[in-house]
Amino acid sequence: MRRLPDATPRGRAITVDLEGESIPAIEGEPVACSLIAAGENVLSRSVKYHRPRGPFCFAAACSHCLMRVDGLPNVYTCRTPAKEGMRLERQNAYPSANVDIFATIDWFFPKRFDHHEMFAGVPIAEDVMAKVARQLAGLGLLPKEPGPQALPSRTLHIKVAVVGGGPAGLEAARVLAGKGVPFLLLERDANLGGRLVHGTPEDGAPFVPEPTAFPQGSVLKRATVLGLYDDEHGRYLAVASQEPEGLRLLKVYAERFLLTVGGHPPTLPFENNDLPGVFAGRAASLLLRRHDVAPEVATLVGHGLELHALAHLLTQRGVEVAAVVDLKGPLPANAHPKACVGDGLKAHGLRGVGALSFTPQGGRKQKVACDAIIVSVPVTPGFELARQGGAKVEFDANAGHFRVDADADGRTQAADVFVAGDVAKVGTAKDAAAMGQRAAQALLGGLS
């Protein structure tokens, strides 16, 4: 990964401290983005086998980018804005992430390593092994100093709480604003739009409204919803709101909850799919569109329309696309010129991606050099919050994932919980916006 030569400055140039070394960064962009743009691909080591880890999803949905930041362990660097002089340390490595002696575990136990059974029943050795396992377990080290003091919590009451500022949430907000219904739109990112602003461009996708399109105080950004709970006062969302003064816990009570949280970027099961340099498709488009960071040579694997649209986007921005392997086929009309239907994927490299091998349909195994493998497949619905709120979750055998059981208007088994967008049914941004509109109209019935 590197910053594109035609990149326009997107913020103030600063430096961050990575274990005593000054690394160039852009103020406000995700720390993980600055690191990989500077050639620092290994951000940590895996807990058990101490394999090298680099960022994958850029959505805080995996643990590959966790680092110690200013003394605080287990921080998602893909969501943490870079600041001048920020201190960064890699975790789960000794003496360093570049040379980790515990990585030998992977060599000694190439098939599997079960520390629960190792030396079981052998006097003394069993006790020693249990102590070693306890010492190696866990993520990171406890901070040496107390963390920053949280701000006093605040309680809010609103008619409708909308979680997620992507196409579904924004369209729902437009409907509610037009009806004069008080609402609060919660978005964990610093910008509204979701895939509309950092995903692959889609024909017919809705536009992202200006902040003035909604009533003042009806949109709260950098607000991460932690859960949906009940107490003696009713149902509320627990929200971690990042304010200029610091982090504040909010209790947001509402009569209706509309969940438009989208989905998680899944990976694919192929050999060495955990190497640094393997990225989710939406992570790659975010890095490209928002931060002008991209690989020199990319291979893309997966299936769905986003796979080929992303390949074209990378080509347009000057990235060499070595191969596009569609695992399902047939190839769509917008297929990239380097596309083929294939399987038999394997990533090659030691501390990072160096090549991909695959077998085209009806052909012989091929191996192409690259510095990034981009996994672009439809997202997995983020059903967890809806299920916590009482919605029924079912397995979609055709899609191969779980999703929230809801009708066409977003109604769920919980009378006050509605869903729209990818959390209900994975589709295009236009589909998500249409679902958001229907759900907003449906939930108005019965409001006091």
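This tour moves from the whole protein chain to one of its helices, H4, and the elements packed around that helix.

Begin with the whole chain on display, keeping in mind that this is a predicted model. Coloured by secondary structure, the protein chain shows 9 helices and 27 strands, and its C-alpha trace spans about 65 × 55 × 50 Å along the principal axes. The radius of gyration is 23 Å, which agrees with the value near 22 Å that a compact globule of 448 residues would have.

Next, switch on the surface, where the chain exposes about 21,600 Å², 54% of it supplied by carbon and sulfur atoms. Buried residues account for 48% of the 448 residues. If you then display contacts between residues at least 6 apart in sequence, 59% of them join residues at least 24 apart. Selecting the charged side chains brings up 48 positive and 47 negative charges, whose mean positions lie 1 Å apart.

Now select residues 167–179, which form helix H4; these 13 residues reach 19 Å from the first C-alpha to the last, close to the 18 Å expected at 1.5 Å a residue. Within H4, show the side chains of the buried residues, which are Pro167, Ala168, Gly169, Leu170, Glu171, Ala172, Ala173, Val175 and Leu176.

Keep those residues selected and add their packing partners: the strands are S9 (151–163), S10 (183–187) and S14 (246–259), and the helices are H5 (195–198) and H9 (429–443).

Finally, step past the end of H4 to Gly180, which follows the helix and has a positive phi, near 75°.

Conventions
Residues are numbered from 1 along each chain as its sequence is written. This is a predicted model: local features need pLDDT of at least 70, side-chain atom pairs count only at pLDDT 80 or more; totals for chains, interfaces and linings use all residues. Side-chain values use heavy atoms; hydrogens and water are left out. Helices (H or I, at least four residues) and strands (E, at least two) are DSSP runs, numbered from the N terminus. The radius of gyration is taken over C-alpha atoms; the globule rule is 2.2 Å times the number of residues to the power 0.38. Buried means under 20% relative accessible area, exposed over 50%, partly exposed in between (1.4 Å probe, protein chains only). Contact means heavy atoms within 4.5 Å. Accessible areas come from the Shrake-Rupley method with a 1.4 Å probe; for residues, only the protein chains shown count as cover. Lys and Arg count as positive and Asp and Glu as negative; His and the chain ends are not counted. The place of a charge is taken as NZ of Lys, CZ of Arg, CG of Asp or CD of Glu. The expected span of a helix is 1.5 Å times one less than its number of residues.
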